[in-house]
Amino acid sequence: MGRDDDEQLADEEQPHAFWSGIIAFGLVSLPVSLFPAHRGHLPLKMVDASGTPLKRQFFCGKENRPLERDELVRGYELEKERYVVVEDEELEALEPEKSREIDLKRFVPLAAINPIYFERAYFLVPDGDTTKAYRLLAKSMEDEQKAGIATFVMRGREYLVAIIAEGGILRAETLRFYDELRPPEAIGLPERQPADKKRLQRMRAAIRKSTRKQLDRAQLDDPQTRSLMQRIEKKLKSGKDVLPAPEEPEAAEAESNVIDLMQVLKERLQGRQVQGSRPEPAKKQAGGRLPALRKRSTRELYEQAQKLAIPGRSKMTREELIEAIARAGK
Amino acid sequence: MAARAIWKGMIRFDGVRVPVKLYSAVEDRSVHFRLLHRKDLAPVRQALVNPQTDQVVPFEETGRAYITEAGDRVLLDQAELEALEPQPSRDIEILGFLPHQAIDHRWYDRPYYLGPDGESAEYFALADALEAMAVEGLARWVMRNKAYVGALQIYQGYPMLISLHHAEEVIPVEALEPPQGPPLDQRELGLARQLIEMLEAEFQPQAYRDEYRNRVLEMLSAKARGKRVKTRAPRQRERDEDVGHALEASLRQARKSA
């Protein structure tokens, strides 16, 4: 279930955990966080003519004025311009009771999953103070060449997921639901006809001529990204169209998006924390927590508020969320 | 009911030309919401605002910036970005053929069925050849100002083009170090493997439904009829003790229910 145009509410570039919860393997439970295994293209920011980074803002379609987060509500369109209003709590109430858990009740041979089902991949990194259960599950799954299958809810959508172990690292790969894949009949493709013999021979000869043994990764490079990067490097060298970093440190902090996903993953797999990369329970000193909380994305803050069951969280502004979480952690 | 083609192109390699139409093989079944202004239930619109002046900047007047590690901004205008876009073309160029599944699924993005565009003799010859030779093609094409790479293969008897992630978009698992720790206990490893074997089943994708989505749709229709719906607070799960102990207990449970 998409959250569509409200995705932007929590649009932040810091690589962070998409989900934190428990993998249940029998009675063994291992706390994990999910990090995306994919990263976007070269990140570019929207700026105005003078190079000032712009922010997205929601405006009321009728009153034409900017709206705060707490003035927004989600609506489902029944018919043109008639909406059912849906509160966050109402959606949460529909989540499975163990919505923070991926319960591995079924394992299938890895090769039995048709690859067309795979949708998106996430790395699982161990949370908590020991990696033993994580390593044990990864090793035994890899030895057995099995994938664990489960369903779970993340970011307002239910996912079917295959947990796969490779190189001692666990991955969660979301799978498309059966009814999300169209069968060929639904497309209205013509019935297969046996090919003309001569044509088939020619086709086979042409294919044989250009058959290779292995994939050449360089062929997966994006020429557009490459030429864009070249252009950027050229500008950096000449200094043309380059604005120096702003002087006030706070602004610079808000702008830079250089904590690399790869770096975060490397640290987290070794059990080290990278600041701002993970929703964690608030500590004793509320005042001292504020700066750390400020580094988190609104989505993370909201998820934290959800965990702490802070009432009224869906109507809170970012700043209110930060304060409420800090208070709840006292 | 026939689906609508999203694009038309021409597969090309070594003198072969196969005109095809692309159809999305996935169906979006998500429940879509709009953001509304709570007071008047008017749909919101988004605008780009300069945070210092609160001035709205029209999209046409925006530029882009690449921000370096040091925080320097490299400015790019829309015209120069457009000039870097790939040339439009109808060609689906095949860079080469590979043994079936030589392209690992971690590269996969979205699948598209290919149907014939007009003349279908070459289309069926391609389908037969791909199937008989157990190969897949690595394809490159430009669709809607974007360069794609894809895997051309047979799925349920029909040619399919699966768009792939570009190399820089995939984090290579080889570049990561797995978590370290003291050596694993052989007995516990054996127990874990036993438990996996006991829980083994066939993969039956039909057996899973998006139940949450169904509940959301039910709730929406109840609300549309003017009913009130319940809310509840999330629950916490209790934590477990010793791994070996938990594995043994899990095996006992699995045996009982087997």
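This passage walks through a predicted model of two chains, A and B, starting with the confidence scores and ending with a pair of unusual backbone angles.

The prediction comes with an ipTM of 0.86 and a pTM of 0.81. For chain B, pLDDT averages 90, with 95% of the residues at 70 or more.

Turning to chain A, its 330 residues are 34% buried, and the chain holds ten helices and 13 strands. Looking at contacts in chain A between residues at least 6 apart in sequence, 63% link residues that sit at least 24 apart. One helix that is easy to check by length is α5 of chain A, running over residues 223-238. Its 16 residues, at 1.5 Å each, should cover 22 Å, and the C-alpha atoms at its ends are 23 Å apart, so the two figures agree. Right after α5(A) comes A:Gly239, with a positive phi near 80°.

Chain B is split by its domain assignment into three pieces: domain 1 takes 7-28 + 87-168, domain 2 takes 55-83, and domain 3 takes 186-229 + 242-257. Between the C-alpha centres of domain 1 and domain 3 of chain B there are 36 Å.

Then there is the contact between the chains. Chain A puts in 156 residues and chain B puts in 143. On the chain A side, helix α2 (residues 132-144) gives the largest share, with eleven residues. Sorted by class, that side of chain A has 77 nonpolar, 49 charged and 30 polar residues. The two chains also share some strand pairing: β13 of chain A (residues 242-243) runs antiparallel to β7 of chain B (residues 73-76), with two bridges between them. In this pairing, A:Leu243 has B:Arg73 of β7(B) as its bridge partner.

Finally, a word on backbone angles. Most residues other than glycine have a negative phi. Two residues here go the other way. A:Asn64 has a positive phi, near 60°, and sits in the loop between β4 (55-60) and β5 (72-79) of chain A. A:Asn64 counts as exposed because it has 10 C-beta neighbours inside 10 Å, where the cut-off for exposed is 12 or fewer. In chain B, the phi of B:Gln156 is positive too, near 45°, and this residue lies in the loop between β11 (146-155) and β12 (158-164). With 14 C-beta neighbours inside 10 Å, B:Gln156 is therefore classed as partly exposed.

Methods:
Residues are numbered from 1 along each chain as its sequence is written. Chains are lettered from A and ligands numbered from 1 in the order in which they are written. This is a predicted model: local features need pLDDT of at least 70, side-chain atom pairs count only at pLDDT 80 or more; totals for chains, interfaces and linings use all residues. Two residues are in contact if their C-beta atoms, placed from the backbone, lie within 7 Å. Helices (H or I, at least four residues) and strands (E, at least two) are DSSP runs, numbered from the N terminus. Ala, Val, Leu, Ile, Met, Phe, Trp, Tyr, Cys and Pro count as nonpolar, Asp, Glu, Lys and Arg as charged, and the others, Gly among them, as polar. Two strands pair if DSSP finds at least two bridges between them. A residue is buried if 20 or more other C-beta atoms lie within 10 Å of its own, exposed if 12 or fewer, and partly exposed in between; C-beta atoms are placed from the backbone. The expected span of a helix is 1.5 Å times one less than its number of residues. Domain bounds come from an automatic or database domain assignment. pLDDT is the predictor's confidence in each residue, from 0 to 100.
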